[in-house]
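Trainee: I would be grateful for a close look at one part of this structure, namely the open sheet and what surrounds it. Please explain each term as it arises.

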Amino acid sequence: MSGYSANPRIRWTEWLPWVAAGAFFFVLPEYLSLGARILIYILFALSLDLILGYAGIITLGHSAFFGLGAYTAGALGAHTAVTDPLVQLAAAATLSALLGAATGAVILRTRALTLLMLTLAITAILLEIANKWTSMTGGADGLSGVKVGELLGWFRFDLYGKTAFLYCLVALFVGWWVVRRIIYSPYGAMLTGIRENTARMHAIGAPVYWRLVMIYTISATMAGIAGALLTQVNQFVGLNVLGLEPSGDVLVMLILGGVGRLYGAFVGPVAYLIAQDYLAKQYPEYWYFGIGVLLIIVVLFARGGILGILDVFTRNKKAV
Amino acid sequence: MYSLETKKLCKSFGALTVADNIDFRLEPGARHALIGPNGAGKTTFVNMLMGALAPSSGQILLGGDEITHTGQSSRVRRGLGRTFQITTLFRSLPVLDNVALAVAERSGLATRLWRPASAHKEVIEESQDLLAGLGLADDAQARVADLPYGKQRLVEIAIALGLRPKVLLLDEPAAGVPSHETEKILSNLEKLPPDIAILIIEHDMDLVFRFAHRITVLVQGVVLMEGTPEEIARDKRVHDVYLGEAHA
């Protein structure tokens, strides 16, 4: 619940994800690489929630920005001497923002199914470029040997993934803070208005198209940062960051957690990636089946996602 | 100078002409009604004024400036407000937010990214004042969808007033409202600021004759006549095409 009637104060429950992440760091040190992956996908899902959950832009192409960010960091680390992680991150953010603004300006004049197909087309084109441009991207083999220097010239990315985990945690915290500010701002309230009733927004004089291009660009920037983090943590980037599959994955994560409610983007990737990690060990060939069943259950019985289930128990309180 | 003016405004869909050389003038501070039987082209006319529909030919002027090819949102920013025949609201949002979104757009605060919306006291206070003026002060925190229909119609008006329009188009403000609540709508319309030029499109003849100082009759895309309510009520042709039918 955001907008002019909302209380923007941070509630104590909103600190729980950070407490949980801190506890994870100390209690489960052998799972830190999974933990870092979860944090990255939370940031990715958060960026998707901004356009899908708040502005109502339906997309199957959000991996375009994630992938561009991932390959930007990868290409810098593998082909150039730019190994400073924050510089790589800034470069990835800039290119993703440019791609978001450019493609958004073209496709956001359309809506619904046309828009969905165009978003899919853009990430499919990028996937094909990454596939063919082997000298830059490594093609189907992926790009290995991505060099990532010390963070702030001080913290090495260690074998156990401690630095990587904390690095992703800080990045996610900043991302969460920014998204939260946006959602509670007049701009966020205005986005909700566009999602609720576009005709009415036109009639109160809002240049809807430009507003959508703006949020699409912000979201693309965040997705690009998430992609760059993934490359830096793995010191590798492959074709699986582009195309329909990662777009669909992050969409499923967000739906699992709950769309348009900020913390759905936290709960979804946790449930998805832990289920994936467990199922892939138990049934290496059929793990997607388990995810499918999970999605069907959520869509049939919990339309608001996992957080929607919690609402049932706190019916009288405002949604988290 | 007129608040709103059209010159030879035409609109055809293929062979069907729905607006035929409409010359229309709205004086500053006017209380003007547009009436006509079903299919007379009233809604088409309003849609052309608002920029939702492009005219085939002719001109539209707002306060003397040509706006014929200006986009919808920029017409609103130049002072042209409207309400919808079918309630067009942010149904799942609180009543206050419905109005505050309009106030924020008008005052140029809608793109602020950082300070919480609820900390923009000036927007909230103005919205609350508008709601209070329409007798909706107690409903500010209710979801619009939970309001009775008559009150939803008033929220439409509150949103339009939040834009501080110079010209306000009221598209059947009493449509769908039970007759015993029409009185409440009318009394609120009569309280609207006198400096706003108002064009009302309405089927309820009692409301039209009590509210409007001038009336334009539109029949099959053509202006049949324009005059004071007395002149319209006396006119034989109007009786034949419109009032005769409506009062039969």
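Mentor: The answer below begins with the sheet, moves to its central strand and its helices, and ends with the other chain.

This is a predicted model, in which local features need pLDDT of at least 70 and side-chain atom pairs count only at pLDDT 80 or more, while totals for chains, interfaces and linings use all residues. Residues are numbered from 1 along each chain as its sequence is written, and chains are lettered from A and ligands numbered from 1 in the order in which they are written.

Chain B holds an open sheet of six strands with mixed pairing, in the order β6-β7-β8-β3-β9-β10. Strands (E, at least two residues) and helices (H or I, at least four) are DSSP runs numbered from the N terminus, and two strands pair if DSSP finds at least two bridges between them. At the edges stand β6 (80–83) and β10 (222–227) of chain B; each has a single partner strand, so one side of each is left without a neighbour in the sheet. On average, and with direction ignored, neighbouring strands of this sheet are turned by 20 degrees against each other. Such angles run from 0 to 180 degrees between N-to-C directions, and the axes are lines fitted to C-alpha atoms, for helices over the stretch in contact.

Let us turn to β3(B). Five of its five residues are buried, and the strand is mostly covered. A residue is buried if 20 or more other C-beta atoms, placed from the backbone, lie within 10 Å of its own; it is exposed if there are 12 or fewer, and partly exposed in between. Arg31(B), Ala33(B) and Ile35(B) point one way from β3(B), whereas His32(B) and Leu34(B) point the other way. On one hand, four bridges join β3(B) to β8(B), and these two run parallel; here His32(B) stands opposite Leu199(B). On the other, β3(B) is also parallel to β9(B), again with four bridges, and Ala33(B) has Ile215(B) as its bridge partner there.

The mixed pairing includes an antiparallel pair: strand β9 (residues 214–219) of chain B is joined to β10(B) by five bridges. In this pair, Thr216(B) faces Glu226(B).

Helix α1 (residues 42–50) of chain B packs on the sheet, where it touches β3 (31–35), β6, β7 (167–171), β8 (197–201) and β9 of chain B, and its direction makes about 150 degrees with that of β7(B). Two residues are in contact if their C-beta atoms, placed from the backbone, lie within 7 Å. Helix α5 (residues 149–162) of chain B lies across β6 and β7 of chain B and runs at about 170 degrees to β6(B).

Finally, chain B meets chain A in a contact that takes 36 residues from chain B and 26 residues from chain A. On the chain B side, the elements that give two or more residues are α2 (72–77), α3 (95–106) and α4 (121–133). Of these, α3(B) gives the most, with eight residues. By class, the chain B side has 20 nonpolar, eight polar and eight charged residues; Ala, Val, Leu, Ile, Met, Phe, Trp, Tyr, Cys and Pro count as nonpolar, Asp, Glu, Lys and Arg as charged, and the others, Gly among them, as polar. The partner, chain A, has 14 helices and two strands, and 51% of its 320 residues are buried.
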